[in-house]
Amino acid sequence: MDYFEPKSIGDALSLLAKHGAAAKLIAGGTDVMVDMKFKEEPGCLVNIKKIPGLGGIRENGAGLRIGALTTIREIEANALVREKLPVLWEASHQFASLQVRDMATIGGNICRASPSGETLTPLLVLEAKGILAFAEGEKTEPFASFFQGPGKSAVGSNGLLTAIEIPYPAPGSKSVYLKHAVRGAMDIAMVGVAVLITPDAAKNSLQDVRIGLGAVAPTPLRAPKTEALLRGKPLTAALVKEAGALAAAESKPISDQRSSAEYRRWIVEALTRRGLEQTWKAATGKEVA
Ligand SMILES: Cc1cc2nc3c(=O)[nH]c(=O)nc-3n(C[C@H](O)[C@H](O)[C@H](O)COP(=O)(O)OP(=O)(O)OC[C@H]3O[C@@H](n4cnc5c(N)ncnc54)[C@H](O)[C@@H]3O)c2cc1C
């Protein structure tokens with residue numbers, strides 16, 4: 001196996017172009033190394049960790065720009081993320097163990113494109129975008145259209161994700177990330193649900209609602225019918241119940257070694273209801289009536 005440590009994005013892209021399907025990028029390696037042990041070794045490993053400028057978290061206008069090599073632990077430890085993007089902070093906090101969080105990068109989590117990737121539903125409800133580098137130039141891709149199937153994304157086999165741009169939610173918004181897994185730690189999500197709501201100025205109704213569902217379809221997805229049902233209305237107990245059932249109907253889970261499809265739908269319903277109740281209370285100070 002060939003091994004390279006390019007020092008620039010251009011050099012990394014040239015290596016991908018030269019070695020084609022045999023080449024594999026590696027960042028933190030927490031997915032790649034496991035695949036190498038249990039599946040197969042690539043013909044050529046391109047380690048991007050030594051490329052300068054791909055890390056760090058900084059404010060960029062009314063939002064944050066997070067470099068692709070930023071580790072999950074750096075995101076978890078960042079005060080701006082915790083204050084401004086709590087839904088991403090919660091996902092980072094519930095991610096694997098401290099040791100894995102110290103190695104794993106957000107870019108790797110995104111480009112792995114696993115339906116259960118912890119940071120993906122928060123990025124969907126935050127309406128974030130990825131900055132992709134290709135030999136032909138740079139491209140900005142909203143995460144709404146980035147994921148194409150398990151392991152497949154707009155980055156393809158010849159691109160490199162360089163950064164993530166996340167706009168701050170509207171003032172007064174509240175959000176939550178809820179993970180359901182068998183074990184409390186070191187377990188991949190059986191279902192992950194991210195909810196972000198923005199109440200109207202009088203705090204009487206839902207001006208905006210965004211719901212992200214993870215591990216219940218070939219890609220992480222939003223629940224557009226459920227969002228449309230809720231938008232513009234006060235949140236009542238009857239509406240929460242209806243929204244939970246509709247979110248479950250919008251999910252497309254499969255049965256696998258971690259859960260049956262039926263159980264996953266039931267968890268989507270429960271977590272959607274819980275997420276709506278929690279965010280409504282946090283945003284308006286009122287219990288759902
Ligand atoms: C014990 C254990 C527990 C885990 N628990 C969780 C969990 O709770 N939640 C969760 O979501 N995941 C979990 N994972 C999976 C893994 O840690 C994450 O997906 C992690 O974010 C991957 O990041 P990485 O930097 O290690 O990626 P790598 O393994 O280096 O790469 C992952 C994939 O992304 C590609 N890639 C990496 N960076 C880029 C880039 N900048 N541009 C283009 N392609 C790129 C690589 O080619 C590869 O295909 C766990 C893994 C282990 C081993």
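The side chain of Lys179 comes to 2.8 Å from the backbone oxygen of Asp187, and that contact is a handy place to enter this predicted model. The side chain of Lys179 also reaches a second backbone oxygen, that of Gln94, at 3.0 Å. Lys179 itself sits in strand E11, which covers residues 174-180. Leaving aside residues up to four places away in sequence, Lys179 touches Gln94, Ala96, Glu118, Asp187, Ile188, Ala189, Val191 and Gly192.

One name in that set, Ala96, is worth following. Ala96 lies in the loop between helix H5 (86-93) and helix H6 (98-103). Its backbone is a little unusual in this respect: most residues other than glycine have a negative phi. Ala96, in contrast, has a positive phi, near 45°. Is Ala96 buried, exposed or partly exposed? Ala96 counts as partly exposed because its relative accessibility is 21%, and the limit for buried is under 20%.

Ala96 also leads us to the ligand. A backbone N or O atom of Ala96 lies 3.0 Å from an oxygen atom of the ligand. Gly29 offers a backbone N or O atom at 2.8 Å from a ligand oxygen, while at Leu161 a backbone N or O atom is 2.9 Å from a ligand nitrogen. How much of the ligand does the protein bury? Taken alone, the ligand exposes 990 Å², and the protein buries 89% of that.

Which elements give two or more residues to the shell around the ligand? They are strand E2 (23-26), helix H2 (32-38), helix H7 (106-112) and strand E10 (160-167). H7 provides the largest share, with 5 residues. In total, 32 residues surround the ligand, and the closest are Leu25, Ala27, Thr30, Asp31 and Thr105. If you are thinking about the chemistry of this shell, its residues divide into 17 nonpolar, 9 polar and 6 charged.

Let us turn to the cysteines. How many disulfides does the structure hold? The count is 0. As a reminder, a disulfide is a covalent bond between the sulfur atoms of two cysteines. Why does Cys44 have no such partner? The closest cysteine sulfur to that of Cys44 belongs to Cys111 and is 17 Å away, so the pair is too far apart for a bond. Looking from the other side, Cys111 is in no disulfide, and the sulfur of Cys44 is its nearest cysteine sulfur. The surroundings of these two residues can be described as well: Cys44 is buried, with a relative accessible area of 1%, whereas Cys111 is partly exposed at 27%.

Now back to the strands, and to the loops that join them. Between E10 and E11 there is a loop that holds Gly172. Gly172 counts as partly exposed because its relative accessibility is 45%, and the limit for exposed is over 50%. Its contacts, apart from residues up to four places away in sequence, are Ile197, Pro199 and Ala283. Gly172 and Ala62 are 110 residues apart in sequence, and their C-alpha atoms are 15 Å apart in space.

A second loop, between strand E12 (191-199) and strand E13 (206-214), holds Lys203. Here we meet another positive phi: Lys203 is not a glycine, yet its phi is about 60°. At 39% relative accessibility, Lys203 counts as partly exposed.

Two helices round off the walk. Helix H10 (residues 237-250) includes Leu239, which is buried with a relative accessible area of 7%. Outside its sequence neighbours up to four places away, Leu239 touches Leu229, Leu230, Lys233 and Pro234. Leu239 and Val288 are separated by 49 residues in sequence and by 9.6 Å in space, C-alpha to C-alpha.

Helix H4 (residues 79-84) contains Ala79. Is Ala79 buried or exposed? With 59% relative accessibility, Ala79 counts as exposed, since the cut-off for exposed is over 50%. Ala79 and Trp89 are 10 residues apart along the chain, and 9.3 Å separates their C-alpha atoms.

Methods
Residues are numbered from 1 along each chain as its sequence is written. This is a predicted model: local features need pLDDT of at least 70, side-chain atom pairs count only at pLDDT 80 or more; totals for chains, interfaces and linings use all residues. Side-chain values use heavy atoms; hydrogens and water are left out. A residue is near a molecule or strand if one of its heavy atoms lies within 4 Å of it. A polar contact is a pair of N or O atoms within 3.5 Å; within protein, one must be able to donate a hydrogen and the other to accept it, and residues adjacent in sequence count only if both atoms are side-chain atoms. Accessible areas come from the Shrake-Rupley method with a 1.4 Å probe; for residues, only the protein chains shown count as cover. Helices (H or I, at least four residues) and strands (E, at least two) are DSSP runs, numbered from the N terminus. Ala, Val, Leu, Ile, Met, Phe, Trp, Tyr, Cys and Pro count as nonpolar, Asp, Glu, Lys and Arg as charged, and the others, Gly among them, as polar. A disulfide is a pair of cysteine sulfur atoms within 2.5 Å. Buried means under 20% relative accessible area, exposed over 50%, partly exposed in between (1.4 Å probe, protein chains only). Contact means heavy atoms within 4.5 Å.
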